[in-house]
Every structure is written in structure tokens, then in C-alpha cells.
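Open the model in your viewer and set it to a cartoon display. The stops below say what to select and what is there.

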Amino acid sequence: MALAKLGVVVLDCPDPRALAGFYAEVLGGAVEGDGDWIDLKVPGGQALAFQRAAGFAAPGWPAPDDSQQFHLDLVVEDLDAAEKGVLELGAKPLDAEDRSRGWRVYADPAGHPFCLCAC
């Protein structure tokens, strides 16, 4: 028996509204809230929240002495089309050169790593 259920995944960042807007463009959904806490209600999926963090430092990736802390796996139909879209929205490639794999790694505009997966 579970002791709890997952409520929301929260990403620390310097600008919650901007990062919520990035993920709304990638995942769809509605951005709600104001100020230091913004929610993204994703259709048919788990909600994401974005919290302003003073002194935010993006996770290092890959770095053996600096943890990536967490990452999101985002399932896509077409890796090339999804890559083009996230790059236009401000993502940066971290590990996307190997085109033989079914996944590629990027950083969102705040520096959090995420994968596009055609799995």
C-alpha cells in the first residue's frame, strides 16, 4: 500500500513564468498562477510546477562532480521534428549528436536537462 501519491514535480528556476511557457509550448497545457509559483496543467498527464529560486544555479551535465539532480523524459513521435521545435523555443543540445539512438539530451532555458525519447 502506498503511503502517498505524487502531487506535482517542481522545477526551481530564476523565472517561473518563462520556464512554464517553454514547457507549455513543448507539452501543451495551461499555465496558471502568478509570481514565484506557476503551475502547468498538462492535458492527460502529470502537472509541472515552477518555483522561483534566488541564486539558482543550473545543474551540471555531464559532470562527474556535479549532479544533474533529475531529468524529464519526453516521449515524441519524430525526434528530428521535436528537436527542431525545442531548439526554436530556446533549448540547448547537451548530447544530441548520435542520431542512431532513440533519445537525445537537451537543457531547457533554465539549464535543466531533459531527453526527447522516441521509445
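Select strand E1 and strand E4, residues 48-52, in this predicted model. The two strands run parallel and are joined by 5 bridges. Two of the residue pairs can be picked out by showing side chains. Leu-11 has Phe-50 in E4 as its bridge partner, and Cys-13 stands opposite Arg-52 of E4.

Next, keep E4 and add strand E3. Here the pairing is antiparallel, with 4 bridges between E3 and E4. Within this pair, look for Asp-39, which stands opposite Ala-49 in E4. Then follow the chain from E3 to E4: the two strands make a hairpin, with 6 residues between them. Stop at Gly-44 in the turn, where phi is positive, at about 65 degrees.

Now select the whole sheet. In which order do its 4 strands lie? The order is E1-E4-E3-E2, in an open sheet with mixed pairing. At the edges are strand E1 (9-13) and strand E2 (30-34), each of which pairs on one side only. Ignoring direction, neighbouring strands are turned by 20 degrees against each other on average.

Finally, add helix H1, residues 16-27, and turn the view until the helix is seen against the sheet. Which strands does H1 touch? H1 packs on the sheet and touches E1, E2, strand E3 (37-41) and E4. To check its orientation, compare H1 with E4: their directions make an angle of about 160 degrees.

Methods: Residues are numbered from 1 along each chain as its sequence is written. This is a predicted model: local features need pLDDT of at least 70, side-chain atom pairs count only at pLDDT 80 or more; totals for chains, interfaces and linings use all residues. Side-chain values use heavy atoms; hydrogens and water are left out. Two strands pair if DSSP finds at least two bridges between them. Axes are lines fitted to C-alpha atoms, for helices over the stretch in contact, and angles run from 0 to 180 degrees between N-to-C directions. Contact means heavy atoms within 4.5 Å.
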